[in-house]
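Ready to work through a protein one small puzzle at a time? Have a look at what is shown below, then try each task before you read its solution.

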Amino acid sequence: MWLNSVSSCFLNLKPYSCYCSATPPPPPTAVKALTAMTTQESDVGIFCYISPLPGFRGILKQRYSDFMVNEVDTEGNVVHLTNLEAPPEVVKENGSKTGDAASKDYSAEIEKFRCLASGEDVERLEALIREINSGSEDGVMPIVLSPDYDKAHRTAVHNFFKENLKFLVTDAVDGPDASSKCIRVRLNSGGQNGRGRNSKKRKERGDKPFDSRGTDDWSEHVGKFLRFHIFKENKDTQEALGVIGKMLGIQPRAFGFAGTKDKRAVSCQRVTVFKQFASRLAALNDRLIGIKVGDFCYVKEGLSLGQLLGNRFTITLRGVVADSEDIIQASANALGKQGFVNYFGLQRFGSGSIPTHLIGASLLRGEWKSTVSMMLEPREGERDVITEARKYYKESNDIDGTLRKLPRYLVAERAVLQCLKKCPGNYSQALKAVPRTLRMMYVHSYQSYLWNHAASMRVQKYGTDRVVVGDLVYCKGHETEKVAGIVSSECVDENVNNENCDDTFDPNHLDDISETNVPEARVSLVKAVTAEDIDNGTYTIDDIVLPLPGSRVIFPENDIAAVFHDLAKKDGISLTESVHNVKEFSITNVTGSYRRVFQKPVDFEWDILKYIDGNIPLVETDFEKIAKTKPVNVNKEYPTGVSGDGSLHDSIKQSECSVNDVQLLKKDNEVEGEGEKLPHDESVGGPIPQGTQIALKLSFTLPASCYATMAIRELLKTSTSVAFHKTLN
C-alpha cells in the first residue's frame, strides 16, 4: 500500500497499520510535490473502500457550481432559493424611524461634532444624514469613524450622539491594531427607545441567542423572527452572514442557522434573524456579491444548530476518463446500492501542514507549551501575510507587533497571543482563551482520527457484508441518529477561517460539536451483537456503529476495541484516565458519541453528460433558474444579453428581479463575465480544455454529519484532497 512520507510534525502520531483490499495507486511525482504540504487521507486513517470495482479519473469542484449543497429541513424539504422579492409587509412601523432626521436641519449639531472629530469623520456624518434625509432607510449603511486610542474621548463621542442625534446609535468595533477602537454610527432601527447600556431591555435580554437591535414597532400577531433562504457561492456561512450583518448594522449572533455549508461550493440554506423586515434584507440583493437572499417569511422561533435532517448534494465530476463507460455506470450503481465507508473527511482535520488532530493530541497529553507552539509555528502553504506574521513572532517574540501583522480572522492565534501578553508563560490559560468551540474542535478532531482508523480495521478484518459478534449496533427501535447535533454534511471546509486561504482551521465551523455531548440515556441504546443476534438475522451491516471515545460510550466487544486504545497509547494518551487536571482538555471529560460505519446515499440519481466547452455550467443553480423567469433590460454593449458561457453579463440589469448581477460577481482575481468560474489561483491547470469530454452528474441526500467527499472517494478510488484535484486540470 502506498503511504505518503510524513512531515516531521507527525512523528508524535503513529498511524495504525491497516492493509485493505483496495488501495489507491502511488501518485505521480508531480502530485506528490504539490500535495506534500497538506494532510493526506492515509494520515488520518482513511484507507478502505466497499466496492472492488476499479476507479476512474474525475475532477471534483472544477467550478463552484459543480458542487451544489441544498439543506434538507426537519420536515424533509429540500431548501431552494425561489424568490428574491420581499412579501407585502404585514408588520408596519408605527412611525418613521427617520422622521426626526428629516424634520430639521442638523448643521448646528454637526458644528458641535467638529470639536470632537476630524474633518473626514465630519464629512462621513454629513453624508450619513443626507442619505437618511433622502428617505432611503432600508439601504442606509453604518459609518465607521477614525481609529481612536483614547477611551475618554470615545465616551465623549458616544455621549454626543445620545444627546444631540438620538435617531443614530453608536457602538465600538475593533480598530486596525490591538490598542485602538473605532466608533460605528448607524441608524437606530428601533427609534428612541432607551437602548442604552443600562436600559431594561438590555438587562432582560440576558444571554438569549440573538441580539435585540431589531425594531420594537412589531405586531404581536406576527412571528418575531424573519426566516429567509441564503444562496451563496464560494463563501462559508459565517462569512456570508457577517457581510449581511455589517450591512444591516447588527451583530452576527442575531442570526440563527442549522449548520454550516461548504465554502468552495454553491449552497442554499435557511437562516433566521430577530425582528428585521424582509424589505431591508431584500434591498441588499443589489449590493451583495456572491450572496442572494429570498423566500422570506416570519416565524415564532429562530433556528438553532442541528435543526436539519441533512443536505441534498448535486455534484458534477468533470473530465471523466475511464477504460469504458460500463465502468462508470457500474461504479455509480454500486455506490447507490452499497454506499461508502462513513469516514470523517479531510475537511474534519483542516488542510494545512499541521492538522488539527495533531494539535488535539498535544492538548490531551497536557503539553500546553508545545500546543501553543504548533498553533503559532510558521507552516507551508499559507498566504504571505500570515507567513510573515508567524515568522516575525518566532524570530522576535514581539506580541504587539505580531498582533498588528496577524489577520483578524485567525481567531485562535490572536486569542493565544493576547492572553500571553497579559499572562506571560501561562500557556494553559492562553489555550483557554481560545473560543471554546474551536479549542474543543481540536479534541473532536483527534476523536475522529481514532474513529477513522478503527473503521478501516473493521473493514479490513471483517469485510463489508456481514455482522460479527461484538460489533456495536443501535438497539432495534432506536436506530435513528437524530441526536441534538451541531452538524453539516461538509462542515469543515477546505478553505476555513480565511479569505480564500487553504491552510487554516475555522472556529466558526461547528462540525459535529454536540455529537460528542450525547444525553446519558443515549448510551443505553447501543449494544454489542451476540451470537444469538447473528443466528436470528436481527442486524445487518447498515446497523453497525463505532464510538467516538468519551466517558459515556462503550467499545466493541471484539478486537476492534484495541485499535482505539493501542493507537491512543502510541500517541501517549489514555482513553480511561487523564494525565492532567484540566478537565476540558481530557478525553474522559467529553461524553462521546457513535457513528455508523457504512452509509448509503438517499434518493440517489446519476447521469452521464457530454460537453465541449468546460466554461459552461452543466447544472443550473437556483439563482440561474430565477434569472430565467425575469424580464431583462439588455445593455447596448451586450445586445444578446448572454455571455458565451450561457450566463448573463454583469452589465445586464433586471427590471423586476431585485438583482443587477445575474451571474454572481467575483473578486478582482476572477475572470470577468464567466459566472462562477474558479479564481485563477484555484484553476491550477490553466484554461479548461476544449473538445468533447464526459461528466458524471450525481444527486443524493446524506444525513447531517456525513461527508459527500467520502462518497466521491468510493466512486473514484482516488484522494479527495483539494491539492490532488487541482493537479487533474
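**Warm-up: the whole chain**

Buried residues make up 58% of the 729 residues in the protein chain, where buried means under 20% relative accessible area, exposed means over 50% and partly exposed lies in between (1.4 Å probe, protein chains only). Keep in mind that this is a predicted model, where local features need pLDDT of at least 70 and side-chain atom pairs count only at pLDDT 80 or more, while totals for chains, interfaces and linings use all residues. Residues are numbered from 1 along each chain as its sequence is written, and side-chain values use heavy atoms, with hydrogens and water left out.

**Exercise 1.** Find how many helices and strands the protein chain has.

*Solution.* Start with the counting rule: helices (H or I, at least four residues) and strands (E, at least two) are DSSP runs, numbered from the N terminus. With that rule, the protein chain has 22 helices and 20 strands. Next, look at contacts, meaning heavy atoms within 4.5 Å. Take those between residues at least 6 apart in sequence: 79% of them join residues at least 24 apart.

**Exercise 2.** Work out which residues touch the most other members of the largest nonpolar core.

*Solution.* First, the term: a nonpolar core is a set of buried Ala, Val, Leu, Ile, Met, Phe, Trp, Tyr and Cys residues joined through side-chain atoms within 4.5 Å. The largest one has 73 residues, and Ile 315, Leu 317, Leu 696 and Phe 700 touch the most other members. Then ask where its members come from: helix α16 (residues 436-462) gives the largest share, eleven residues. There's also a second, separate core of 29 residues, with Trp 368, Ile 386, Ala 430 and Tyr 442 among them. Finally, zoom in on Phe 700: leaving aside its neighbours within four places in sequence, its contacts include Phe 313, Ile 315, Pro 601 and Asp 603.

**Exercise 3.** Asp 603 just turned up, so to speak; say whether Asp 603 is buried or exposed, and do likewise for Asp 295.

*Solution.* Asp 603 sits in strand β17 (residues 602-611). Its relative accessible area is 55%, so Asp 603 is exposed. Asp 295 belongs to strand β9 (residues 291-299). At 19% relative accessibility, Asp 295 counts as buried. Now check the backbone: Asp 603 has a positive phi of about 50° although it is not a glycine, and phi of Asp 295 is near 55°, also a positive value in a residue other than glycine.

**Exercise 4.** Find the order of the strands in the open sheet that holds β14, and see what packs on that sheet.

*Solution.* Two strands pair if DSSP finds at least two bridges between them. Follow the pairs and you get β13-β12-β14-β15, four strands with antiparallel pairing. β13 (526-528) and β15 (593-596) stand at the edges with a single partner strand each, so one side of each has no neighbour in the sheet. From one strand to the next, the twist averages 50°. Helix α16 packs on this sheet, touching β14 and β15, and its direction makes about 150° with that of β14; such angles run from 0 to 180 degrees between N-to-C directions, and axes are lines fitted to C-alpha atoms, for helices over the stretch in contact. As for the strands themselves, four bridges join β14 (residues 544-548) to β15, and Leu 546 has Arg 595 as its bridge partner in β15.

**Exercise 5.** Describe how α10 and α16 cross.

*Solution.* The axes of α10 and α16 come within 7 Å and cross at roughly 105°. That makes α10 roughly perpendicular to α16, since the scale counts angles under 35 degrees as roughly parallel, over 145 as roughly antiparallel, 65 to 115 as roughly perpendicular and the rest as oblique. Residues that meet here include Ile 359 and Leu 363 in α10, and Tyr 442 and Tyr 446 in α16. Both helices also help cover the buried residues of α11, including Trp 368, Val 372 and Met 375.

**Exercise 6.** Name the strands at the edges of the open sheet that holds β5.

*Solution.* The order is β3-β5-β4, with antiparallel pairing. β3 and β4 therefore stand at the edges, each with a single partner strand. Seven bridges join β4 (residues 168-174) to β5, while β3 (residues 143-144) and β5 pair over two bridges. Strand β5 (residues 181-187) is mostly covered, with six of its seven residues buried.
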